[in-house]
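Hi,

Here is the structure I promised to pass on. Have a look at it first, and my notes follow underneath.

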Amino acid sequence: MSQGPINFLPDEQTHRGLLNWVIGIMVFLTGMAIVAGLQLGIMADGWRMSAAGSLTVQIVAVEPDDRQRQTKTAIEILQKTPGVATAAIIDDAEMAALLEPWIGATSLTAKLPIPAMINVTLMRGVTIDLSALETLLQAEVPDARVDTHEQWLDDLLSLAIAAQMIAAAVVVMMLVATIAIIVFTARSSMLAQRETVEIVHMLGAKDSLISGAFQKRFWSVGLRGGLIGLLLIASVIGGLFALSLNVQSAYLPRVTFHMETVIILCLLPVVTGLITMWTARVTVNRALLDMV
Amino acid sequence: MIRFDNVGLRYGPGDEVLSDVSFHLEPGSFHFLTGKSGAGKSSLLKLVYLSCQPSRGLIHMMDQDLNTASRDTLVSMRQGIGVVFQDYRLLEHLSTFENVALPLRIKGASEDQVQEEVSELLAWVGLADHLHELPSTLSGGQKQRASIARAVVTAPKILLADEPTGNVDDEMALRLMQLFVEMNKVGTTLLIATHDTRWVDRYTAPQLHLDNGRLSVMPAHQPMAVDP
Ligand SMILES: Nc1ncnc2c1ncn2[C@@H]1O[C@H](COP(=O)(O)OP(=O)(O)O)[C@@H](O)[C@H]1O
Ligand SMILES: [Mg+2]
């Protein structure tokens, strides 16, 4: 005996509109946490890659002539070191530009004992033993100091990981709260339809047929809630993106959305529908066990 | 078909509503269930249509021990039991037609079968002009007839009726009783709860008589005792 879905539940349920919005808001908050977590991860990967591919060598000699000579030697050594792609001095103009925000546009750079900086980029995938490199350099360039970006990168990355974990915790809490809301709603929905459910049960309907009717209803509630949430996310992100285009600043990192973020966001309504449906089904099936 | 052995039923902590109820209904038999209001007729029927479990005792139905029957078994047993409720228990948001169609749809009947059998039956109980009306627009008697149509539409093995003639005029009552008798003739086991002794006198069927939760079985049609 095949049992297709039989629609025996009444159409109107006043709280359903509200439930759509509640789920929509939960999906919005969850989605924002997911976006934040994913984007942080992508940014951290970027930092890790750009930092891993480069290091800086400082020549801290105080005497300008000495400094210049040592710098020249260091560059020659570096360029001969296996794995180094480029080694170039950061020239005074660049240096001035870097320092300008802090000390102003002056020609102080010439007078200050600012160390010479050599920017070293490594070949793709190459890692270099830094202390070995420093020893090698210091044999001929006593004032060379090798500086990777590792220390501050580590700090930044652990900050990013902590933020990502917070985002994941938010997602989990949202999921739990959403499921709880659906459980309560499914129970009250069933209670409101108690007479109908009892009659249909008495007429010989299987539990799965009864829970199937609720499940169908909650699937569409979840899907709609998910779509509302997605719309909210899209408008907030779209708004932020538009604002960021107006801000003229080189310091703002370019906001880019990766495909995986977009795909996960687009899946949210369906996933929400499935979670809502499944939760309602389990809730109704359990409640039905109270009936003989 | 139905066998009760020392069945007791209590709702909550109070006294038993049914005590030591034992009886046996053969397949295809026809019994009245009589007794004053509050005697426990509806409660006994509830046990038979598997809407509650006895507090004690054994019930066997359709070759199943209810204590050990699985949930799925109970489902298929319910599909073989038709019930006419005292208070109709129609679904208020479904049309007359859909109410009567429901047991067929639950059993997985084809749409053709549903259309044919439901229309035919509703015409027979005089509701052909009310197919698409909601129960709330029907009179008490019309609801009664719709609920009877729902109970018999699947041609159940067991038909239970709780005061089925309470809200219809005599002519319709006769028609409905006639329908029950016809179904009994083709093999349906029939148990009709009533306090209306006219029917009991009219049809020669044995009675299960309840008095304050205790049951006694009375043989068919005892003519008024004549003083010796
Ligand atoms: N769901 C219930 N909960 C508690 N008591 C009930 C319930 N249903 C019936 N009763 C009690 O059980 C007794 C028998 O009721 P019922 O079976 O309806 O008798 P009848 O159908 O013969 O009038 C009555 O005293 C009634 O108050
Ligand atoms: Mg009663």
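In chain A, what share of the contacts with a separation of 6 or more comes from residues 24 or more positions apart? The answer is 87%. Before you read on, keep in mind that this is a predicted model.

Let me stay with chain A for a moment. The chain has 9 helices and 4 strands, and they follow one another as α-β-α-β-α-α-β-α-β-α-α-α-α along the sequence. Of the 292 residues in chain A, 37% are buried. The accessible surface of chain A is about 16,700 Å², and carbon and sulfur atoms account for 66% of that surface.

Now to chain B, where I spent my time on the details. You'll find an open sheet of 4 strands there, in the order E2-E1-E4-E5 with antiparallel pairing. At the edges sit strand E2 (18–25) and strand E5 (64–65) of chain B, each paired on one side only. Strand E1 (residues 2–9) of chain B runs antiparallel to E2(B), and 5 bridges join the two. If you want a landmark in that pairing, take Arg3(B), whose bridge partner in E2(B) is His24(B). Lying across E1, E2 and strand E4 (56–61) of chain B is helix H1 (residues 41–48), which runs at about 125 degrees to E1(B).

Helix H1 of chain B also brings us to the metal site. Which residues coordinate the magnesium ion (ligand 2)? They are Ser42(B), through OG, and Gln86(B), through OE1, at 2.0 to 2.8 Å. This pair links distant parts of the chain, with the two positions 44 residues apart: Ser42(B) belongs to helix H1 of chain B, while Gln86(B) is in the loop between strand E6 (81–84) and helix H3 (96–107). Ser42(B) counts as partly exposed because its relative accessibility is 30%. Gln86(B), at 40% relative accessibility, is likewise classed as partly exposed.

One more residue to click on is Thr154(B), in the loop between helix H5 (140–152) and strand E7 (158–162) of chain B. Is Thr154(B) buried or exposed? Its relative accessibility is 14%, so Thr154(B) counts as buried, the cut-off for that being under 20%. Leaving out neighbours within four places in sequence, the residues in contact with Thr154(B) are Gln79(B), Pro103(B), Leu104(B) and Lys107(B).

That's it from me, so over to you.

Cheers

Methods. Residues are numbered from 1 along each chain as its sequence is written. Chains are lettered from A and ligands numbered from 1 in the order in which they are written. This is a predicted model: local features need pLDDT of at least 70, side-chain atom pairs count only at pLDDT 80 or more; totals for chains, interfaces and linings use all residues. Side-chain values use heavy atoms; hydrogens and water are left out. Buried means under 20% relative accessible area, exposed over 50%, partly exposed in between (1.4 Å probe, protein chains only). Contact means heavy atoms within 4.5 Å. Accessible areas come from the Shrake-Rupley method with a 1.4 Å probe; for residues, only the protein chains shown count as cover. Two strands pair if DSSP finds at least two bridges between them. Axes are lines fitted to C-alpha atoms, for helices over the stretch in contact, and angles run from 0 to 180 degrees between N-to-C directions. Donors are N, O and S atoms within 2.8 Å of the metal (3.2 Å for Na, K and Ca); water is not among the atoms, so sites may look incomplete.
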